[in-house]
Each structure stands twice: as structure tokens, then as C-alpha cells.
Amino acid sequence: MLDIKFIRENSDLVKEAARKKHLSFDVVKLLEVDKERLTLMTEIEQMRAKQNQVSVEITKTQDQNAKMVLIYDMKLVKEEMQKKDEVLAKIMKSWRELMLAVPNIPDMSVPEGGSDKENVEVRSWGQPRQFTFEPKSHIDLMIKNDLVDFDRGIKVGGFRGYILKNEGARMSMAVWQFVMDELTPKGFTPMIVPSLVRKEAFLGTGYLPQGEEDLYKTQDGTYLSGTAEVGTMAYYMDEVLKKEELPKKMISFNTCYRREAGSHGKDTKGLYRVHEFNKVEQVVLCEASHEQSVKLHEELTVNAEVLLQALKLPYHVVLNCGGDLGLGQVKKYDIEAWIPSENRYGETHSSSYFHDFQTRRLNIRYKDQIDGKLRFAHSLNNTALATPRLLISIVENYQNEDGTITVPEVLRKYVGKDLISR
RNA sequence: GGAGGUGUGGGUGAGUGGUUGAAAUCACCAGUUUCGAAAACUGGCAUACCCGAAAGGGUAUCGGAGGUUCGAAUCCUCCCACCUCCGCCA
């Protein structure tokens, strides 16, 4: 959500943001509704002021007749006010809906483009391995080594189901441990947050109302989150933080659920696109400064890169174009790790910042000691590591000609062996 | 699942229909005092929106949403959270 005052004064920026993000949003309509809202609010407030004033008079009036006259007058005022209130309620509903749909302003550096095809590579690390044999896909490799069972996964869990086994399970847990060990010394607080989360948190982070169809909803009105960002951001919902404690850095683990509603035919085989997976997410709240946001955004991105470098997985970083940005995102990098069997990079990380878009919705503020004012914090997040998707890159890049898989050096102490062979 | 209770400002907590945005107190901030500090004393101390150049004025907010009333923290309905007891269960 943006400040309505900002929108009033910068409607051209909002209009431009919608264009760049390829969203249809009618800012003129919002401003019209806003004007109606203000006019009506002023009228109602004036009537209420009158009512409050007469209310005091009524208590002071000793003469019963005079009192009855005042009460009768106020009865009329009340009726008129009720009519106006009804109209205002309708206007407010429409105003709120529009406000929730206002896109955040993308950064100047965000390239033009409609979809991920137009994202721009900003750097790459490592050389894709030159195989002396035809590399197998993660599906073949993992089935051969009994690291995954898709048939029973589907029997148990339905479409896109999978069950990790043996070192498939061990390697998943290994990377979670590895990430926690790497990032905790960098000032991140490790957390395990709920996946089952209340609606407010989804509205606050911007996943609702627009993304309803991508979420699993329970009969209790709660939703299953597709990222720990939701539960972690909601941790500080409606709170006032101290400026000294910023930035707050967290790495949260949880199980993520995604309906993948818009991608039924896509990536139906393997572990690339699944309904249920596990992820460690970096989430940061910082003071309301663009410079801080930018600095931390780069930092979060590099944190993830360092992890991939430690795993010796080739990757590149792409700057997402306008059309590939979410409603609230100002700027986003995707990190994509190399997938040998497909001869392409596949998205494993997504790093973005939001300015106060989320914190305004979630009401997360801090007190600035200098001027004593309350300000909405800025928020950012980036994947640290997601499994099983990252296992694709690991097993494919570390495969040997005989179908065995070498365990990445940094994971050996967690997995308990150097080579997966079965 | 059943029965009962509670929800007031940063904390504790008073307030059961009328100048109550809300007593008191603690915390906090500023000042007086002091070499400095403590203590004491004095003063200040909510947020959002609207009007206004400002000073200032107005409206709303006592878990949330509705309702009754000229008027609601106070009465009614629904919802949420927490607590206690019983039942059930890991």
C-alpha cells in the first residue's frame, strides 16, 4: 500500500508504475473515489461536531421542554447522518479495494519488459561443467539412487507429489543446516515460523487479495503460506520497534505450499515445481531509507550467492523486468542455478525489496529518536535456500558417469558420506 | 467439544449511559537542584485523518465488526484473542 497523500501528489508516477509492471490500475478512478470520500467525510464530520456540541448542551439544559426540542433536532441530524454514512460505507469499500491494488513504484534501474524472458543478466559465476558424457536428469539420477519416489509420492500426496528418501532426505536437511550455520554468524536470527497463517498476514505482505487462487485455504479461514516471508513479516505486525534494533535480520525455515494455479501444464515432471517444499528465507526490516534498502538488498543477494559458491554451483543473477515484478516490489533479482540436463539456468532464489509497501499494510513502525516520529520500516526478503528445487542442481552438477553422485564438500559433514552410490 | 471469565493509552489499572481521549500510578522525555549522578520537585508525554501558511480547530479510536440511543469504554448481537475448569487427544 502507498500513502494516499503520495498518490494524490504523484498520480503520474503511479500510472507509470502500473504501465511498467504491466498491470491494469486506474489511478484516476482512485483519485475520483478519494475526492468523493473526502467531501462526504467532511460533511459527516461537521454534522458530528454539531451533534457533539449539542450533546453537551443537552446535559446542561435544566428545562425539560428545551431539552426535548434539542433531542428532537438531533434526531433529524442523526437520520440525515445515517443516510450519508451508508453512502460513505460504499465509497470506503471501493476506496479500500483500490488502495490495495495500487502498485508500488519500481526502481529506475528496473528494465522494461513483460515477462521473465526480458529479465537482464547482471552477472554470472562459475562455468557450466563440460561433461565427457551425456548428463542425466535429476529425475533419472535420483530414482536410480533411490533418493526420491514419485509414484508413491503421487499415491500419497496427489498431483506433483514426491517423497524424498535416503540421501535425498539427508541432503535436504543438510542444506537447511548448512544455511543456518552460514547465515547465523552474519547476524540473522534463526526462526521456524508457521505455514498456517491468518488472512491479515497475507493482506499485509501483498499476497492477498490478488493472489487468492495461488493459495491453499483452510475451512477455518486461514491460508497456507507459499513462503516463510508471510509468517516472518507478521511476527512484527502492529508493533512499534526501536530504531536501535534495526535492521532486524531473520532467517526463517518453514514448509511452503503453492497451488501453482497458473501453471498446470508446466514442469509436471520432477522436483522443479511442486505443491509442497521447504525453504529457508532471509527477511529484513530496516529503517525507512532508500539507501538502506538498496544496501541490504545487495547484501541479501550476495548472501545467497555465497551459498551457491560454497556449493560450487554455477549460477547467474538476473535483474527482473517490470512485468515480472510483484505488486509491491520495487526491484527484484532472481538467482538461477545451472541445470545441466536442460542446458539452462533455473530460478532458485528471488531477492526483492518493498520500501514501506508491506509494513504500511502490516502496520510495522519504529520510533525515530531524532524527531520522535513514528515511521513505517522498510522490508526486504530473499531466499536463502529452497529444497527440493536446489537438489536438482546439486545432483545434476555433481553426477558421475556411472550414475553415482558426489556429495558437495560443504555438505559432507551433514550427510555423513562423500559419495552417493546405489 | 462443554461451562465460566477476561480484553481500557508503552506497563499496571480506575471507570457501568452525558463536558471521559479517558483518573491514578509506573516507565519515558525536558527543566530545577547538583561538580556530576541519585533522590526530590516542576512540566510534558497517543495515533490516524480532515481544514489551516501557522497558531489552532474538527473527527475518529477503550480487542474487532455491527446495532440501540439525541448521546456508548459503559447496553445488545456476532467475531477474535487470552485465562480457568471439565471432556477428548498427540
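These legends go with views of a predicted model of chain A and RNA strand B.

**View 1. Chain A as a whole.**
Start with the full chain before zooming in. Its 422 residues come with 13 helices and 18 strands. Measured off along the principal axes, the C-alpha trace spans about 100 × 45 × 40 Å. Some 38% of the residues of chain A count as buried. Look at contacts with a separation of 6 or more, and 73% of them in chain A link residues 24 or more positions apart.

**View 2. The surface near RNA strand B.**
Here we move in on the 17 residues around RNA strand B. Arg48, Ala49, Asn52, Thr59 and Met74 of chain A are the ones that come nearest. Two elements each give two or more residues to this surface: helix H3 (27-60) and helix H4 (64-100). H3 has the largest share, with 11 residues. By type, the surface near RNA strand B splits into 7 nonpolar, 5 polar and 5 charged residues.

**View 3. Strand E11 beside strand E1.**
Now for some strand pairing. Strand E1 (residues 120-125) and strand E11 (residues 315-319) run antiparallel, joined by 5 bridges. To find your way in, pick out Glu121: its bridge partner in E11 is Val318.

**View 4. Strand E11 beside strand E12.**
Stay with E11 and turn to another of its pairings. E11 also pairs with strand E12 (residues 331-339), in the antiparallel sense and over 5 bridges. Val318 is a handy landmark again: in E12, Asp334 is its bridge partner. So you can step across from Glu121 to Val318 and on to Asp334.

How values were computed
Residues numbered from 1 in each chain as written. Chains lettered and ligands numbered in written order. Predicted model: local features only at pLDDT ≥ 70, side-chain atom pairs only at ≥ 80, totals over all residues. Helix = DSSP H or I, 4+ residues; strand = E, 2+ residues; numbered from the N terminus. Buried ≥ 20, exposed ≤ 12 C-beta atoms within 10 Å, placed from the backbone. Contact = placed C-beta atoms within 7 Å. Near = placed C-beta within 6 Å. Nonpolar A, V, L, I, M, F, W, Y, C, P; charged D, E, K, R; others polar. Pairing = 2+ DSSP bridges.
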